[in-house]
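Work through the exercises below with the structure in view. Try each task before reading its solution.

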Amino acid sequence: MNDIGIVIVSHSKNIAQGVVDLVREVAKDVEITYVGGTEDGGIGTSFERVQAVVEANSKETLLAFFDLGSAKMNLEMVTDFSDKTIHINYVPIVEGTYTAAALLQAGAEQDAILAQLAELKMEK
């Protein structure tokens, strides 16, 4: 098993939990930490909550997935403050997370996973 974990950041608790539920069907052994929504249960993200799930993941290399703008912004800021290697992926959250998790579960190497994710990249 790779020493790579996954972090999911969504504006919605239900979206984050749903992605994890789906991914667990193919990747039971991959470490995934996630956050969705604000502390009071609303829609949004925060630096503190994103930082907490990054630090809660025991892996030193993380593949990070997000849904919308402030989730991306908070991941980028956390990356600046973390000692972990965090690869933020600009791909659809469900497809990207599922692809990465399935490949990790199968024992694929980091370069191969990142190459597969590059094919899913969203251009804005």
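Contact here means heavy atoms within 4.5 Å. The model is predicted.

**Exercise 1. Place I88 and list what I88 touches.**

Step 1. Find the element. I88 sits in strand β4, which spans residues 85–89.

Step 2. Apply the contact cut-off, heavy atoms within 4.5 Å. Leaving aside residues up to four places away in sequence, I88 touches A64, F66, L75, E76 and T79.

Step 3. Check the accessibility. The relative accessible area of I88 is 16%. Buried means under 20%, so I88 is buried.

Step 4. Compare sequence and space. I88 and T99 are 11 residues apart in sequence. Their C-alpha atoms are 14 Å apart in space.

**Exercise 2. Describe the surroundings of T45 and find the polar contacts of its side chain.**

Step 1. Locate the residue. T45 belongs to the loop between β2 (32–36) and α2 (47–56).

Step 2. Classify T45. With a relative accessible area of 18%, T45 is buried.

Step 3. List the neighbours. T45 touches V9, S10, H11, T38, S70, A71 and N74, again not counting residues up to four places away in sequence.

Step 4. Pick out the polar contacts. The T45 side chain makes one with the side chain of S70, at 2.9 Å. The T45 side chain also makes one with the side chain of N74, at 2.8 Å. Both S70 and N74 appear in the list of residues that T45 touches.

**Exercise 3. How many salt bridges does a search of the whole structure find, and which side chains meet there?**

Step 1. Recall the principle. Side chains of opposite charge can pair when their charged atoms come close.

Step 2. Apply the cut-off. The side-chain nitrogen must lie within 4 Å of the carboxyl oxygen.

Step 3. Count. The search of the whole structure finds one salt bridge.

Step 4. Name the partners. The side chains of K59 and D3 meet, at 3.6 Å from N to O.

Step 5. Place the two ends. The pair links distant parts of the chain, 56 residues apart. K59 lies in the loop between α2 and β3 (61–66), and D3 lies in the segment before β1 (4–10).

Step 6. Contrast the ends. K59 is buried, at 17% relative accessible area. D3 counts as exposed, at 51% relative accessibility.

**Exercise 4. Work out how α4 and α5 are packed.**

Step 1. Choose the descriptors. Two packed helices are described by the angle between their axes and the distance between the axes.

Step 2. Read the values. Helix α4 (residues 93–105) and helix α5 (residues 110–118) pack at about 155°, with axes 10 Å apart.

Step 3. Classify the angle. Angles over 145 degrees count as roughly antiparallel, so α4 is roughly antiparallel to α5.

Step 4. Give the handedness. The crossing of α4 past α5 is right-handed.

Step 5. Name the residues. α4 contributes G96, T99, A100, L103 and L104 to the contact. α5 contributes I113, Q116 and L117.

**Exercise 5. Describe the packing of α2 with α3, then of α1 with α4.**

Step 1. Start with α2 and helix α3 (residues 69–81). They pack at an angle of about 55°, and their axes are 9 Å apart. The two helices are therefore oblique to each other.

Step 2. Add the crossing and the residues. The α2 and α3 crossing is right-handed. F47, V50, Q51 and V54 of α2 meet N74, L75, M77, V78 and F81 of α3.

Step 3. Turn to helix α1 (residues 13–23) and α4. Their angle is about 35°, and their axes are 10 Å apart. This crossing is right-handed.

Step 4. List the meeting residues. V19, L22 and V23 in α1 meet I93, V94, T97, Y98 and A101 in α4.

**Exercise 6. Is R24 buried or partly exposed, and what does its side chain reach?**

Step 1. Locate R24. R24 is in the loop between α1 and β2.

Step 2. Classify R24. A relative accessible area of 26% makes R24 partly exposed.

Step 3. Follow the side chain. The R24 side chain reaches the backbone oxygen of A27 at 3.0 Å.

Step 4. Add the contacts. R24 touches V30 and I32, not counting residues up to four places away in sequence.

How values were computed. Residues are numbered from 1 along each chain as its sequence is written. This is a predicted model: local features need pLDDT of at least 70, side-chain atom pairs count only at pLDDT 80 or more; totals for chains, interfaces and linings use all residues. Side-chain values use heavy atoms; hydrogens and water are left out. Helices (H or I, at least four residues) and strands (E, at least two) are DSSP runs, numbered from the N terminus. Buried means under 20% relative accessible area, exposed over 50%, partly exposed in between (1.4 Å probe, protein chains only). A polar contact is a pair of N or O atoms within 3.5 Å; within protein, one must be able to donate a hydrogen and the other to accept it, and residues adjacent in sequence count only if both atoms are side-chain atoms. Axes are lines fitted to C-alpha atoms, for helices over the stretch in contact, and angles run from 0 to 180 degrees between N-to-C directions. Angles under 35 degrees count as roughly parallel, over 145 as roughly antiparallel, 65 to 115 as roughly perpendicular and the rest as oblique. A crossing is left-handed if the near helix is turned anticlockwise from the far one by less than a right angle, and right-handed if clockwise.
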